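Welcome! Here is a short tour of one structure, taken a few places at a time. Have a look at the sequence and the model first.

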Amino acid sequence: MLEARPPVPAWEHALRQFGARFFEATPGAITWVMLAAPAWIPIVFKLPGAIFVATAVLIFDGYWLLRSITVVVGVWGSLRRLKRDMALDWLALCREDQAAGERVHPLEYFHLSVVPTYTEPYHVLERTVQAIVDSNYPDELKLVGIITRETDKPGWENVARLKEKFGGRVRGFYHIKDPLEPGIVVGKSAAMNWGGRWMVRVLTEEGFDLSKVLITDLDSDYRVHPQHFAWVSWHHAREPLRDYVIWQPVPLFHNNIWQVPMAVRIMSASTSQWQMFLHSRPQRLVAFSSYTCSLDFVQKVGYWDKDVIPEDSRFYWKAFFTFGERFSVKSAYLPIYGDSPNSRDYASTHMSQYNQIKRWAWGITDVPYVMARFFKHPEIPMWLRFRRFMNLFLNHLNWIFLPVLLLFGASVPIWVSVDFSLTDMGQVLWSTSGVLLAITLSTVVFFIYFEMALLPPKPADWPGWKRLAIYGQYFLYPMVGLVLSVLPALEAHTRLLFGRYLEYRVTEKV
């Protein structure tokens, strides 16, 4: 008979709560301290502080220029890989595989696409499932699972229509009804938790080998590339550490790119290109939005968490602390096509974009999650834990701090320190910083080229002036990014600082 555990003393419970809140508040506090640094350092330390801030601004301006060049080179490399792999027939390569007997044959893998959905209209889901069934991979090796809430009767009707239309073209078509268990944070992560557990139970009962079922966590508006399943099967069969890998395709938000307002189009383009850059830096790549791994991998990790909003990054960290240095996220050099936010009217579309970025920035909650576990896993090399944690924290910090510093950092020391404004450095700081930023902005020309190389054709009824104006819109990114990227990220950090937790909001698609 098991002995009952003694109750946790009140002081220990209070200490744990204090520690949890301390970890949560730390990222937001650091963000605000850094954000206000160009003002408070000159005020506290007078002229020497202003000189320090001015020097830091010029250093960061130079860093941003070098970083922009690095991003250009990285995006160019990813674009070349994408074009190369998109041009190959990966199913033919799978069929020609000559290594049978030495390892798993690529065509022994089943592909299960799990699509969580709530309020998405039928035509959005139809296009998603259409891309799955039309993909260049044997029908008998494809499985589809659609997650709806148990109470979502319109969602049930959509799934029934989808199954009637597409059920005969796949090995299995499953309707997963999420009961919304007590204690969850309603959203994609909780839905995937239920859906993952449900699919493991059902497929185990049906006799599937979970290590040979590759599950794709697929957003409801995402369309897989026709070669996606064959590409993953071919590479997964050859990956020595296949049991510990997540395959991440390159997300491009191009499905409705010509139907959304300019500011949303700019944000979609910048997000797509940043993801392309990350694919040129394997050590910085994390799971984002939609990705593929084995169902056995999902079971061993412990599924997605039920009480978080950012399901992709949290799943990444759970996998890291489960498998340690064996675990990796690897690039699948094929695009996966998503929708840009597009709501019922102009204002709602921009608000939907704002909320989507805020939800992504809520990934800052991974910082306290990692901090609480950092020293509990000595089996993982310290350098690896530290490097990945710093990538996480600095990415979220720089998301807010660097753009604000670059846009306003040269002006603030002059505003708050009259003594500094009269020095030679104070006289030339603003103009020198402006020149460096202007040179940096010129790299937008390369990003325009990269984007146009992948975008779908412009609408035929667009007038000539509108077609030309498209090329100039990307120069507005500093202003658009401040409103639709920096501000929502800052709100996310501030909410966590004061314990005002974010609620999951579905990005509207029409």
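Leaving aside its neighbours within four places in sequence, which residues is Gly 481 in contact with? They are Met 267 and Val 486, where contact means heavy atoms within 4.5 Å.

Before going further, a word on the model: it is predicted, local features need pLDDT of at least 70, side-chain atom pairs count only at pLDDT 80 or more, and totals for chains, interfaces and linings use all residues. Residues are numbered from 1 along each chain as its sequence is written, and side-chain values use heavy atoms, with hydrogens and water left out.

Gly 481 belongs to helix 18 (residues 477-497); helices (H or I, at least four residues) and strands (E, at least two) are DSSP runs, numbered from the N terminus. Its relative accessibility is 4%, so Gly 481 counts as buried. Buried means under 20% relative accessible area, exposed over 50%, and partly exposed in between (1.4 Å probe, protein chains only). From Gly 481 to Asn 342 there are 139 residues in sequence and 18 Å in space, C-alpha to C-alpha.

Next comes helix 3 (residues 122-134). With 13 residues at 1.5 Å a residue, helix 3 should span 18 Å, and its end C-alpha atoms are indeed 18 Å apart; the expected span is 1.5 Å times one less than the number of residues. Among the buried residues of helix 3 are Tyr 122, Leu 125, Val 129 and Ile 132. The buried residues of this helix pack against several elements, including strand 1 (110-116), helix 4 (153-166) and helix 6 (228-238).

Strand 6 (residues 245-252) has 8 of its 8 residues buried, so it is largely enclosed by the rest of the structure. Strand 6 runs parallel to strand 8 (residues 328-337), and 8 bridges join the two; strands pair if DSSP finds at least two bridges between them. Leu 252 stands opposite Tyr 337 in strand 8.

Now to two residues other than glycine with a positive phi.

| Residue | Phi | Place | Relative accessibility |
|---|---|---|---|
| Lys 46 | near 60° | helix 1 | 56%, exposed |
| Thr 119 | near 75° | loop between strand 1 and helix 3 | 56%, exposed |

Helix 1 (10-86) and helix 13 (412-416) each supply at least two residues of a nonpolar patch. Helix 1 gives the largest share, 5 residues, and Ile 43 lies in that helix.
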